[in-house]
Amino acid sequence: ISSYEITKASIDRIGKTEPKLDAFLTLTAESALEKAKMVDEKRAKGEALSDIAGVPMSIKDNICTKGINTTCASKILKDFVPPYNATVVDMLNAADAVLVGKTNLDEFAMGGSTENSAFKITKNPWDTTRVPGGSSGGSAVSVASGQVFYSLGSDTGGSVRQPASFNGIVGLKPTYGRVSRYGLVAFASSLDQVGIFTRDTEDCAMVLSHIAGKDKMDGTSVDAPVADYAIEVQKDSKGMKVGVPKELLGEGIDPVIRQSIIDSVQKLEQAGIQWEEISMPHLTHNVETYYIIAPSEASSNLARYDGIKYGYRTGDFETLEQLYKRTRSEGFGPEVKRRIMMGTYTLSAGYYDAYYKKALQVRTLIKNDFMDAFSKYDAIITPTVPNTAFKIGEKINDPLSMYLEDLCTIPVNMAGLPAVSIPCGFDSNGMPIGMQIIGKHFDEAKILRIARAFE
Ligand code: GLN
């Protein structure tokens, strides 16, 4: 099959399924078909092609694409067209990837249901009355529904792993620094990382090899050797030992999910992987810690949207103060405003020590729990999410219950670790359950190997 044919098939499928799913904010069908043709010509000439050349994929709309709208699903960036590509986009282009469109998300990646998009609500393909998770909901749905073969998202507190879990697919958050963040619109810079959605772990490994590595445009990217993950993932995982923290199997976790995780680790035993229940006492404090650190960083990162430099500007102002106030009140949605207010509060003089500084101290304790565990275990296994996909509208007026969905994914970002979510079962409504495998820094190959042993 030619790249043109496969890209055409992807676009046709999008045409058929989008009216029900609403995964995309922008489609780039024309340039995708041109690109695919070009790849076919290269192939006909006998040129060497990468393993992802000519394969249709999508990218979350908070990753900058030169000449193509990058809105962050926000009114404030509705008409923003970046003059440059994110490094990951350049890297995929260099491998002749075919971009068919930009996917929907919670505004500025803040949320866990994609309901916070200023433009549309994406639906879960397993049951369109349910949310796809978020914030990378559009990316997850585009892969789960067969619209594309893979997608890039971003993960600050679970935004790749949680929607992967809700959609029954694979979602990888690499180590902080493994993949360049240059051109990923900043939410909480010390936690943000670009991640990958695929239908299986081998595809995930393949894509990771193309986007991993040091980037001189991102000072936090790390110059660690990039493995050939596609080969690494084939290796055996016999003899490995994993820990299952009891703190993430108890209170707050749906019993059906708890049972599914226990059944799954027992299945791993058949692949020669031993497991033990362990204790990581500080994991229980992670939600409150994250919801201080992430909004603090967000309030600072989002100060740049002032109606002057770029993005939306109010039409109605006389003074500079009115310009700022009206631009931001008209441009940002309610969840983004809530985060800016929380973050501004926790960073303000007088509260900084009590909230922000304290949160950083707890962050260190969470990290230490992981380091202790990794001195004995190759990986840590938890549920990805405490619940399966909920109904659209169910939690939208209850931010606290929405935040609690992040219980198992947040600690991984706090410690900067890699983690992958893989499908491991279904609940009584037939909705997918996800299992999270967490590794040491730069141990992507190992967690993907464990994941593959399970497939
Ligand atoms: N649900 C979390 C939040 O709302 C995580 C979001 C993300 O990872 N971008 O902040």
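This briefing covers a sheet, the helices on it, and one further helix. The model is predicted. Its sheet is open and has eleven strands with mixed pairing. Helices α1 and α8 both contact strands of the sheet.

**The sheet**
- The strand order is β1-β3-β2-β4-β6-β5-β10-β11-β9-β7-β8.
- The edge strands are β1 (24–27) and β8 (274–278). Each has a single partner strand, so one side of each is left without a neighbour in the sheet.
- From one strand to the next, the twist averages 25°.

**The β10–β11 pair**
- Strands of a sheet pair through backbone hydrogen bonds, in either a parallel or an antiparallel way.
- β10 (residues 419–426) and β11 (residues 432–438) run antiparallel. Seven bridges join them.
- G425 has I433 of β11 as its bridge partner.

**Helices on the sheet**
- Helix α1 (residues 3–21) lies across β1, β2 (56–60) and β3 (98–103). Its direction runs at about 20° to β3.
- Helix α8 (residues 255–270) packs on the sheet. It touches β7 (241–245), β8, β9 (379–383), β10 and β11. The direction of α8 makes about 55° with that of β11.
- Edge strand β1 is thus named among the strands under α1, and edge strand β8 among those touched by α8.

**Helix α6 and its ends**
- Helix α6 spans residues 201–211. Its buried residues are T201, C204, A205, V207, L208, H210 and I211.
- D200 caps the N-terminal end of α6. A side-chain oxygen of D200 lies 3.3 Å from the backbone nitrogen of E202.
- Just after α6, G213 takes a positive phi of about 135°.

Conventions
Residues are numbered from 1 along each chain as its sequence is written. This is a predicted model: local features need pLDDT of at least 70, side-chain atom pairs count only at pLDDT 80 or more; totals for chains, interfaces and linings use all residues. Side-chain values use heavy atoms; hydrogens and water are left out. Buried means under 20% relative accessible area, exposed over 50%, partly exposed in between (1.4 Å probe, protein chains only). Helices (H or I, at least four residues) and strands (E, at least two) are DSSP runs, numbered from the N terminus. A polar contact is a pair of N or O atoms within 3.5 Å; within protein, one must be able to donate a hydrogen and the other to accept it, and residues adjacent in sequence count only if both atoms are side-chain atoms. Two strands pair if DSSP finds at least two bridges between them. Axes are lines fitted to C-alpha atoms, for helices over the stretch in contact, and angles run from 0 to 180 degrees between N-to-C directions. Contact means heavy atoms within 4.5 Å.
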